[in-house]
Amino acid sequence: MSTLRVPVNPRDHRRGGSNARVALVEYGDYQCPYCAAAQPVVRSLEDRYGAALSVVFRHFPLVEVHPFAATAAEAAEYAGDHGLFWEMHDLVFANQHRLSVQLLFAIAGTLRLSQIGLRDSITRTLHAEKIQSDFIGGVRSGVNGTPSFFVNGRRHEGAFTVPELAASIQAAMDVLAPVR
Amino acid sequence: MPAILAAGTAAPAFTLRVTPDQTLSLTEFAGRRVILAFYPADWSPVCGDQMTLYNHVLSEFRNKGAGLLGISVDGPWCHQAFARDRNLHFPLLSDFHPKGEVSRAYGAYRDDVGESARALFIIDETGTISWSHLSPVAVNPGADGLLEALDQMPNLEQNDVDAQSSRQSA
């Protein structure tokens, strides 16, 4: 059973309940079609569990097969510097079928982010250290492909569907507050 | 499931085709550490994910002083097409003729299907297997076990000093 080696920490992008009982950590790649397909599933889980669930996204870009993955991760981190990580994250996944550098700039425009700032971030790979550190932490935690999910530190071994992820979340809640 | 060679065993020597017109021998790694990743088949979903993952962890393996070789029974032309498609930056060896001979020598051949098992070996600088792991065929073992095993090996410079001092005392 693989476990999460890098606990959720202040460098992470996290949304949902600040005192959530369950943390769902995803390792993902913005150009991975399975990750895009998992996004509506994650949203649905967030709706279902509300403040009881928090969601963390960490980068696992497989750049040799996904040439835009690192640039997209850089764009998300740049947006994150301006408090708009999740907005960029959601729009990149929603538009993944036409992912390109132009798309990232267009999203930045939509989010009223500086396109010059984005250009600098991409050309100087200003967030490469954070992205690589997410990646290596994932490798150390046994991530072997994307998406990979951890529920309160335990690897989710099932499919990336609402019922199977909900079962892992429920199991984590039962550990915290056993059903009598 | 086959029984793979365990830590402490001398790594069986081999020379295999690495491209349609080149061969590679284990002896070329003498004095260095190398990871052997036996896998069932180019193009299969799990192997593709596993080799792609290792391709991205390559710099981390190299930081720890280890090279990486992939080995399957696929022919060198097949390996070439697969490596190009996935942008692989490490050699894939063809255990193609006599089929599976090297995999068999490592206990990593599945006679029932005629493919290599999904087995990992770390061979140390003296040519001894220092760690091995057999994964179920359908399970991508990831790279965490390999990195942990490499972390636990003595660092190479230290080892040279030890080897010298033991020679002197002998």
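How many residues of chain A are in contact with chain B, and how many of chain B with chain A? The legends below start with that, and every view comes from a predicted model.

**View 1. Where chain A meets chain B.** Here 16 residues of chain A are in contact with 18 residues of chain B. Putting the two chains together buries about 1400 Å², and carbon and sulfur atoms give 54% of that area. Three residues to pick out on the chain A side are A:Glu64, A:Arg140 and A:Asn144: between them they supply 47% of the area that chain A buries against chain B, more than any other three residues.

**View 2. Salt bridges and polar contacts between chain A and chain B.** Two salt bridges turn up across this interface. One of the pairs to look at is A:Arg5 with B:Glu148, which form a salt bridge with their closest N and O atoms 2.4 Å apart. Polar contacts between the chains come to seven residue pairs, counting pairs with both residues at pLDDT 80 or more. Sorted by class, the side of chain A that touches chain B has nine nonpolar residues, four polar ones and three charged ones.

**View 3. A:Glu46 in helix H1 of chain A.** Buried or exposed: which is A:Glu46? A:Glu46 counts as buried because its relative accessibility is 14%, and the cut-off for buried is under 20%. The helix that holds A:Glu46, H1, runs over residues 33–49 of chain A. Look around the side chain for A:Arg15, A:Leu53 and A:Val55, which A:Glu46 touches once residues up to four places away in sequence are set aside.

**View 4. The largest nonpolar core, and a second one.** The largest nonpolar core has 44 residues. Its members that touch the most other members are A:Leu24, A:Tyr30, A:Leu45, A:Leu53, A:Met88, A:Val92 and A:Ile169. Helix H1 of chain A gives the largest share of this core, with seven residues. For a closer look, try A:Val92: leaving aside neighbours within four places in sequence, A:Val92 is in contact with A:Tyr30, A:Ala72, A:Leu99, A:Leu104 and A:Ile107. There is also a second, separate core of 35 residues, and among its members are B:Tyr39, B:Met51, B:Leu53 and B:Ala66.

**View 5. Two cis peptide bonds, one ending at A:Pro147 and one at B:Pro98.** In chain A, the bond from A:Thr146 to A:Pro147 is cis, with omega near -10 degrees. You'll find A:Pro147 in the loop between helix H6 (128–140) and strand E4 (148–151) of chain A. In chain B, the bond from B:His97 to B:Pro98 is cis, with omega near -5 degrees. B:Pro98 sits in the loop between strand E5 (92–94) and helix H3 (101–105) of chain B.

**View 6. Positive phi at A:Thr125 and at B:Asn87.** A:Thr125 is not a glycine, yet its phi is positive, about 35 degrees. Its place is the loop between helix H5 (115–123) and H6 of chain A. With a relative accessible area of 43%, A:Thr125 is partly exposed. B:Asn87, not a glycine either, has a positive phi of about 60 degrees. That residue, B:Asn87, lies in the loop between helix H2 (76–86) and E5 of chain B. B:Asn87 counts as partly exposed because its relative accessibility is 36%, which falls between the 20% and 50% cut-offs.

Conventions
Residues are numbered from 1 along each chain as its sequence is written. Chains are lettered from A and ligands numbered from 1 in the order in which they are written. This is a predicted model: local features need pLDDT of at least 70, side-chain atom pairs count only at pLDDT 80 or more; totals for chains, interfaces and linings use all residues. Side-chain values use heavy atoms; hydrogens and water are left out. Contact means heavy atoms within 4.5 Å. Buried area is the accessible area (1.4 Å probe) that two parts lose on being put together, summed over both. A salt bridge is a side-chain nitrogen of Lys or Arg within 4 Å of a carboxyl oxygen of Asp or Glu. A polar contact is a pair of N or O atoms within 3.5 Å; within protein, one must be able to donate a hydrogen and the other to accept it, and residues adjacent in sequence count only if both atoms are side-chain atoms. Ala, Val, Leu, Ile, Met, Phe, Trp, Tyr, Cys and Pro count as nonpolar, Asp, Glu, Lys and Arg as charged, and the others, Gly among them, as polar. Helices (H or I, at least four residues) and strands (E, at least two) are DSSP runs, numbered from the N terminus. Buried means under 20% relative accessible area, exposed over 50%, partly exposed in between (1.4 Å probe, protein chains only). A nonpolar core is a set of buried Ala, Val, Leu, Ile, Met, Phe, Trp, Tyr and Cys residues joined through side-chain atoms within 4.5 Å.
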